[in-house]
Amino acid sequence: MSDGRTTELAGHLYPEVRDTGGLESGGIGSGGIEWPITPTDRIPPGVTLRQIGALTRRGLLRMRHSPQGLIDVIVVPIVFTVLFANIFGGAVAGGVGNYLQLLVPGVLVSVSVTTSIVTGTQLREDIDSGVFDRIVSMPIARIAPLAGLLIADTLRYVIATTVSLVVGLAIGYRPTSPLGVILGMILVVFSAFSLSWIFALMGVLLNKVSAIQGISMLILMPMTFTSNAFVPTSTMPGWLRVIADINPISHLISSFRALANHGQFTADVGWTLLGSCAILAIFAPLTLRAYLARL
C-alpha cells in the first residue's frame, strides 16, 4: 500500500492522526500518537470503538462487492428446504406440510452454524494476502481488525436465518409464536457468533484456507446429520439416538422449535445459552491470545 493510501486509511481509522509528515517520518501525529504504534500502546476506548466500526464497515462492504460470497446463506437455505421437504416429507411425516414444522428449524440452524466457518477462512485470507499486516501496522487498536470481522459476519447469520424462515413460510411453514420466532432467531445468531470464535482461532493457527474448511466440515457435517435437524431421534438406532440427544446442535434446534412452534422456553434453551457462553469463555481468550501473538 502506498504512503498516500496508508495515510488516508489511517486518518479514517484514527481521526486524531492526520499529520502526514509526522506519519511518514516516524514522529508524532497531530493527535499526539507516535507512528507506528506498538501493541503495548493504549488506544482510548472511544477511538477503539470507532476503529472497530470502520473495520466492521469494511467487512460489510466486502460482502456488497463480492455477493457470490453470500451464496451459502441465500441459495443453500432455499435448496435445502425445498429439496428435503419434497424428498423426506412423505417418508418422515406423511406429507410436506407436517414435515416443515420439523424441517425449517433444522435447516435454519444448520445453515447458520455452517456459515460461521467463513470467519476463519476470511481471517486466513486476510493474513495470507497481506491485508492483515497492512491494517495492524496502522495506529489502531490491536483488537479492531478481529472484532470488525466477527461483528460483520454476524450479518451473515441474520441473512441465513431470515432466508431460511422466509422460504419455509413461502412453502407452508406456520410457526405459532411470532415472538418465539424472533427470540429463536436471536438465539441462533448468538450461538453462531460464539462458534465463529472457534473458527477464528483456526484461521490464526492453521496455514491454509483449505485446511480450515476441511477440518471445520469434518466436525460440523457429522454433528449436523447426527442431530434432530432432519429426522426425529426416535427413528435412530439406540446408540446413535444417545449421541443425537446430547448433540449441542440438537439442543439449539429443539430450542428454536419450542420457541417458534409452541412459544415455550424449555431446558434446551438454557443448555444452548450455557453452551454458547462456555464457548465464548474458552475460545475468545484463546483466539485473542493467538491473534495478538502475531503482532
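This tour moves through the structure helix by helix, indicating what to select at each stop.

**Before starting**

The model is predicted, so local features are given only where pLDDT is at least 70 and side-chain atom pairs only at pLDDT 80 or more, while totals for chains, interfaces and linings use all residues. Residues are numbered from 1 along each chain as its sequence is written, and side-chain values use heavy atoms, with hydrogens and water left out.

**The whole chain**

Select the protein chain and display it as a cartoon. The protein chain holds 13 helices and zero strands; helices are DSSP runs of H or I with at least four residues, strands are runs of E with at least two, and both are numbered from the N terminus. Of its 295 residues, 48% count as buried, meaning under 20% relative accessible area, with exposed over 50% and partly exposed in between (1.4 Å probe, protein chains only). Among contacts (heavy atoms within 4.5 Å) between residues at least 6 apart in sequence, 76% join residues at least 24 apart.

**Helix H4**

Select residues 71-93, which form helix H4. A kink of about 40° is centred on Ile-87; such a bend is the angle between axes fitted to the seven residues ending at a residue and the seven starting there. Colour Val-73, Pro-77, Thr-81, Phe-84, Ala-85 and Gly-89, which are buried in H4. The cover over the buried residues of H4 includes H5 and helix H8 (144-171). After H4 comes Gly-94, with a positive phi near 80°.

Next, select Val-92, which lies in H4. Is Val-92 buried or partly exposed? Val-92 is partly exposed, with a relative accessible area of 30%. Leaving aside neighbours within four places in sequence, Val-92 is in contact with Tyr-99, Leu-102, Phe-230, Val-231 and Pro-232. Val-92 and Pro-232 are 140 residues apart in sequence, yet 8.3 Å apart in space from C-alpha to C-alpha.

**Helix H5**

Move on to residues 96-115, helix H5. H5 bends by about 40° at Leu-102, and Pro-105 follows within four residues. H5 is largely enclosed by the rest of the structure, because 15 of its 20 residues are buried.

**Helix H9 and its partners**

Now select helix H9 (residues 178-205) and show it with H5. These two helices pack at an angle of about 30°, with their axes 9 Å apart; axes are lines fitted to C-alpha atoms, for helices over the stretch in contact, and angles run from 0 to 180 degrees between N-to-C directions. H5 is therefore roughly parallel to H9, since angles under 35 degrees count as roughly parallel, over 145 as roughly antiparallel, 65 to 115 as roughly perpendicular and the rest as oblique. The contact joins Leu-108, Val-109, Ser-112 and Val-113 of H5 to Val-188, Ala-192 and Leu-195 of H9.

Add helix H6 (residues 117-129), whose axis comes within 7 Å of that of H9 and crosses it at roughly 25°. Residues in this contact include Gly-120 and Leu-123 of H6 and Phe-199 and Gly-203 of H9.

Finally, add helix H12 (residues 248-262). At what angle do the axes of H9 and H12 cross? They cross at roughly 160° and come within 7 Å, which means that H9 is roughly antiparallel to H12. Among the residues that meet here are Gly-180, Gly-184 and Leu-187 in H9 and Leu-252, Phe-256 and Leu-259 in H12.
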